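Q: Please take a close look at a single part of this structure. I am new to it, so keep the answer connected.

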Amino acid sequence: MAAVLALAACGHQSAPASDAPGVASPALASAISAPPADATGGFDGARAYKHVEKLVSIGPHSAGSEGIRRAQAYIIEQLKGFGCPVEEQDFHASTPVGDVAMKNILVKIPSGSPNIIVYASHYDTKRIDNFVGADDAGSSTGVLLEFARIVCARKNAQTLWLAFLDGEEAFNMQWADPDNTYGSRELAASLALSGTLRHVKAMILVDMVGPKSPVYKRESNSTPWLTDILWTTAAKLGYENVFVNQSSTVEDDHLAFLNRDVPAADIIDLEVPYWHTTGDTLDKIDPRTLAITGHVLIASLPELEKKIG
């Protein structure tokens, strides 16, 4: 499962924090500082970190749990606070533990173009006792929330959808189809049924993007031209030691779109020693890594809009 060339992704084959995002806390003060937002295209790694901190404070939040309902409420509250148009996609999934109610949280930012770019993260944690998923679910959700703050407040050349996906994690310990990626499969299927999927020109997934020494390899299932845009942008920004020109194979939420012929790419560092252990805690998260990831998402968007325009 953890082999470099056969990784199954992040499912994968306390009292709530009172500080508002961007306000210093003891946990944040002890972490490695993020670069200032004016150096990362407006993306604030400290704000992203505060979102991770809040999600971790909720405790375990696996699909169908009381914890995930608190996580959903937090995500929706933040998105509405940013002025984002929020939709909730409620569905039920047949799982090894029975029927489980799940919820994808969607933001649809309109433009003058019918073309859609989807940015996605899963927010559910693995069903392991005391597993809070700081990196595995928290980091990518924090990045996508901060990304939402920026793109919801501006005009974009293409229509942007942000998808906070439920049910990525397998209910069994091992990753085996179809026990995984419930939310992304539900979203892709519903878009295909409605006819909207033909307008989706790219899907970018972020997952496990918080470690202190990140290494993002080119995911081999991903669409080459889309990966090229992300990795070339990263190199131009000076992040070639993070977005490296090596490859790995990861099964993750992007497959639901690839399987329906939608170009998709996955940004992930799965090769961390705490993956799917109770050691996946807030101290593993570096605000600088969150900022680097978000900077690449923001800086690559104009090139991606031009490509699909």
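Which residues does aspartate 280 touch, not counting residues up to four places away in sequence?

A: This is a predicted model, in which local features need pLDDT of at least 70 and side-chain atom pairs count only at pLDDT 80 or more, while totals for chains, interfaces and linings use all residues. Residues are numbered from 1 along each chain as its sequence is written, and side-chain values use heavy atoms, with hydrogens and water left out.

Aspartate 280 touches Phe131, Val132, Gly133, Ala134, Asp135, Asp136 and Tyr274, with residues up to four places away in sequence not counted; contact means heavy atoms within 4.5 Å. Aspartate 280 sits in the loop between β10 (264-268) and α8 (287-308). Helices (H or I, at least four residues) and strands (E, at least two) are DSSP runs, numbered from the N terminus.

One of the residues touched, Asp136, also supplies a backbone nitrogen that lies 3.0 Å from a polar atom of the side chain of aspartate 280.

Aspartate 280 is buried, a term for under 20% relative accessible area, with exposed over 50% and partly exposed in between (1.4 Å probe, protein chains only). Aspartate 280 has no salt bridge, that is, no side-chain nitrogen of Lys or Arg within 4 Å of a carboxyl oxygen of Asp or Glu. The nearest side chain of opposite charge belongs to lysine 284, 6.9 Å away; Lys and Arg count as positive and Asp and Glu as negative, whereas His and the chain ends are not counted.

Elsewhere, tyrosine 74 in helix α3 (residues 66-81) is also buried, with a relative accessible area of 8%. Tyrosine 74 lies 9.6 Å from isoleucine 58, C-alpha to C-alpha, and 16 residues from isoleucine 58 in sequence.

Notes. A polar contact is a pair of N or O atoms within 3.5 Å; within protein, one must be able to donate a hydrogen and the other to accept it, and residues adjacent in sequence count only if both atoms are side-chain atoms.
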